[in-house]
Amino acid sequence: MSTYLGGVFDDALPEGRAAATITVWRHGVEARLEAGKVYTIRSEVLRLERGGSTGRMLFIRGQDPRLTLFSEAPGLLEEIGTTSGLEARNAVATLTAEVAKTRRATLSLWLIAAAVLVVLGLVTPPLFRVAVDGAVGQLPLSLDVKLGDLASSEITSFGPAITDERAAGLATEILERLRPHLPPDIAALDLKITVIESAEVNAFALPGGRMAVLSGLLKRADDVNMVAAVFAHELMHVRHRHGIRALVQSAGVLALVSVVFGDATGIVALLAQGGVLATLTHYGREHESQADLDGVALTAAAGFDPAGMPAFFRKLKEIAPSSEVQEALSWMSSHPSHEERIAAIEALIPSLTRGEDPPMNHTLEAARAALRGE
Amino acid sequence: MNIELMCRPASTVARLTLSDRETVTCEVGAMIAMSDGLSVETTSRSRGGSGGFLKGVSRIFSGESYFLNHFHASREGAELIIGPALMGDIVHHTLMGGSLIVQGSSWLASGPGVEIDTTFQGISNALFSGESVFWVRCSGRGDLLLNSFGAIYNIDVDGEYVVDTGHIVAYEDTLSFTMSKASESLLGSLLGGEGLVCRFKGRGRIYCQSHNPPSFGAALGSKLSPR
């Protein structure tokens with residue numbers, strides 16, 4: 001026989017309640033106050049209920065509505081079930097069944113909530129992608145041009161533009177060789193490329209086709225095929241409108257529509273938070289893979305050696321660790337998972353038909369000399 | 001320990017007169033003044049050594065301090081005056097073996113027989129009640145001082161009782177509470193400005209406060225000039 005700490009509600013007590021020690025007997029449940037007063041609720045009239053702040057408080061009632069015994073002590077319910085008379089055992093069984101039912105209901109609710117969350121987690125990303133694709137498809141190409149113009153002033157923040165014909169001419173010649181192999185609407189855009197003085201090995205294309213190549217890339221590339229590979233990759237971001245997709249994902253279609261109608265203040269404010277260029281050229285992994293594969297196909301069609309792209313990836317990997325110029329890593333850092341990408345590109349190359357490779361008017365060597373100031 | 005509540009109800013302070021070797025545990029920063037014959041010990045433990053680091057951390061979640069101040073009297077009649085941070089009333093509750101669930105930050109002081117612990121009141125109650133996720137559970141025997149924002153009053157519930165969110169100071173553990181709409185329709189509840197309310201069931205005492213800090217802050221905030 002154990003005793004349990006608990007209490008008694010009795011209207012006759014000064015505060016209406018008092019602490020008590022509860023004991024279970026065969027004939028019923030007994031509560032003894034410190035003052036010595038004893039309350040007993042007989043087994044045959046005993047009613048049990050769970051409640052209280054934790055839901056674990058056991059309330060024991062009999063026929064007298066003014067009297068309630070209560071305790072949260074573990075084991076009390078079990079002892080009433082084993083020690084008290086048959087009626088009390090029935091009361092315990094009823095309560096246990098009720099508690100189990102409530103628990104099952106609560107558990108079911110949690111399971112339903114968890115299932116809903118899982119389904120939402122699975123369904124939301126593909127639905128979102130479909131919605132973004134649909135939204136981008138509805139937006140005119142002129143919007144890309146407008147957005148590109150908004151960001152174009154940031155290009156020169158990397159460094160001054162290089163006007164020497166040997167370097168600028170090479171970049172333009174490669175771009176012009178790639179242009180006819182782009183879809184007609186993209187080829188018709190005002191595609192332009194600027195060479196920027198910077199140690200960084202990087203190139204980027206803004207929506208609408210304005211491009212920039214940093215001189216670090218021209219200095220470190222082995223041949224024009226490597227340069228063409230990077231250009232083709234960047235052009236594919238323009239073609240697939242990845243910049244605008246990134247923007248739709250982060251800003252929403254309404255913000256873009258405001259640009260169409262001439263009010264660009266909202267979007268400019270939004271882009272200013274992260275930098276226009278950063279937002280427009282921050283592509284996801286999926287977009288990068290698409291630009292790789294379509295880009296390498298573009299280089300082959302334009303007559304460049306498609307092996308230039310995987311070779312350039314390897315070159316970057318090779319020079320980066322020993323390079324004192326940490327910026328050399330920048331093109332890589334925004335383009336993750338090299339090995340997989342190289343493998344995917346090389347798997348595609350054998351199926352490509354290489355176009356005619358006419359001699360170039362500009363050479364990489366001459367461009368390098370111009371960059372060295374010779 | 002003799003407890004006298006002074007300057008009620010707007011700016012109540014409690015004057016505690018301790019017997020020789022008696023101890024009282026107070027919220028950090030509650031002491032306003034004290035006589036000689038009192039020494040202060042600051043720990044994360046309850047008086048007598050129970051608790052420790054985890055209990056201290058759990059108190060932080062309930063809106064109380066990590067540390068507790070124990071005032072120990074070395075002579076008969078040592079006097080300590082304590083008060084809450086915000087303006088409002090103090091109530092003296094005598095625990096007689098049961099537990100009182102106290103809203104975070106409303107616990108002010110308690111005698112050595114009172115154990116202070118943290119309790120979780122359920123996700124939905126925490127999200128919608130306008131109260132802390134964790135509450136302070138005071139159990140055992142002895143004196144307990146609670147403070148409120150505004151005046152404080154108690155209701156002895158037997159059956160059901162509704163209190164607006166943000167007005168609960170404490171309730172006895174024999175009561176259960178759930179969040180529910182103030183009126184039958186959700187729209188009516190929202191338009192009536194009551195929204196969700198706390199619905200208590202069972203038998204026991206509730207302490208309510210006449211004002212709540214979030215509403216006060218919202219009323220005041222709009223009138224302050226921007227810095």
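Helices here are DSSP runs of H or I with at least four residues, strands are runs of E with at least two, and both are numbered from the N terminus. The exercises below concern a predicted model.

**Exercise 1.** Describe the make-up of chain A and of chain B, taking secondary structure, burial, contacts and surface in turn.

*Solution.* Begin with the elements: chain A has 16 helices and eleven strands, while the secondary structure of chain B comes to four helices and 15 strands. Turn next to burial, where buried residues make up 47% of the 374 residues in chain A and 47% of the 227 residues in chain B. For the contacts with a separation of 6 or more, residues 24 or more positions apart account for 63% in chain A and for 78% in chain B. Finally, the accessible surface of chain A comes to about 18300 Å², with 58% belonging to carbon and sulfur atoms, and that of chain B comes to about 10500 Å², again with 58% from carbon and sulfur atoms.

**Exercise 2.** Characterise the interface between chain B and chain A, going from its extent to its polar pairs and then to the elements of chain B that form it.

*Solution.* The extent comes first: 16 residues of chain B are in contact with 16 residues of chain A, and the area buried between the two chains is about 1300 Å², of which carbon and sulfur atoms give 46%. On the side of chain B, the residues that lose the most area to chain A are B:Met96, B:Thr174 and B:Arg203, which together provide 45% of what that side buries. The next step is to look at charged pairs, of which the rule finds five salt bridges across the interface; one of the residues just named, B:Arg203, meets A:Asp11 in a salt bridge through their side chains, at 2.7 Å from N to O. Counting polar contacts between the chains, with both residues at pLDDT 80 or more, gives seven residue pairs. The last step assigns the chain B side to its elements: those that give two or more residues are strand 8 (90–102), strand 11 (134–147), strand 13 (168–172), strand 14 (175–181) and strand 15 (196–209) of chain B. The largest share, four residues, comes from strand 8 of chain B.

**Exercise 3.** Decide whether A:His240 and A:Leu127 are buried or exposed, and describe the setting of each.

*Solution.* The cut-offs needed are under 20% relative accessible area for buried and over 50% for exposed. A:His240 has a relative accessible area of 14% and is therefore buried. This residue is placed in the loop between helix 7 (224–239) and helix 8 (242–251) of chain A, and, leaving aside neighbours within four places in sequence, A:His240 is in contact with A:Arg245, A:Gln290 and A:Asp294. A:Leu127, by contrast, has a relative accessible area of 53%, so A:Leu127 is exposed. A:Leu127 lies in helix 2 (residues 86–138) of chain A and, with A:Val118, A:Val119, A:Leu122 and A:Val123, makes a nonpolar surface patch of about 470 Å².

**Exercise 4.** Work out how helix 16 of chain A is covered, and which elements its buried residues pack against.

*Solution.* Helix 16 (residues 364–371) is mostly covered, with six of its eight residues buried. These are A:Leu364, A:Ala367, A:Arg368, A:Ala369, A:Ala370 and A:Leu371. The buried residues of the helix pack against strand 8 (161–162), helix 4 (165–178), helix 6 (215–220) and helix 7 of chain A. After helix 16 comes A:Gly373, whose phi is positive, near 85°.

Key:
Residues are numbered from 1 along each chain as its sequence is written. Chains are lettered from A and ligands numbered from 1 in the order in which they are written. This is a predicted model: local features need pLDDT of at least 70, side-chain atom pairs count only at pLDDT 80 or more; totals for chains, interfaces and linings use all residues. Side-chain values use heavy atoms; hydrogens and water are left out. Patches are made of residues with over 30% relative accessible area and no salt bridge: like charges are joined within 9 Å, nonpolar side chains (Val, Leu, Ile, Met, Phe, Trp, Tyr) within 5 Å. Accessible areas come from the Shrake-Rupley method with a 1.4 Å probe; for residues, only the protein chains shown count as cover. A salt bridge is a side-chain nitrogen of Lys or Arg within 4 Å of a carboxyl oxygen of Asp or Glu. Buried means under 20% relative accessible area, exposed over 50%, partly exposed in between (1.4 Å probe, protein chains only). Contact means heavy atoms within 4.5 Å. Buried area is the accessible area (1.4 Å probe) that two parts lose on being put together, summed over both. A polar contact is a pair of N or O atoms within 3.5 Å; within protein, one must be able to donate a hydrogen and the other to accept it, and residues adjacent in sequence count only if both atoms are side-chain atoms.
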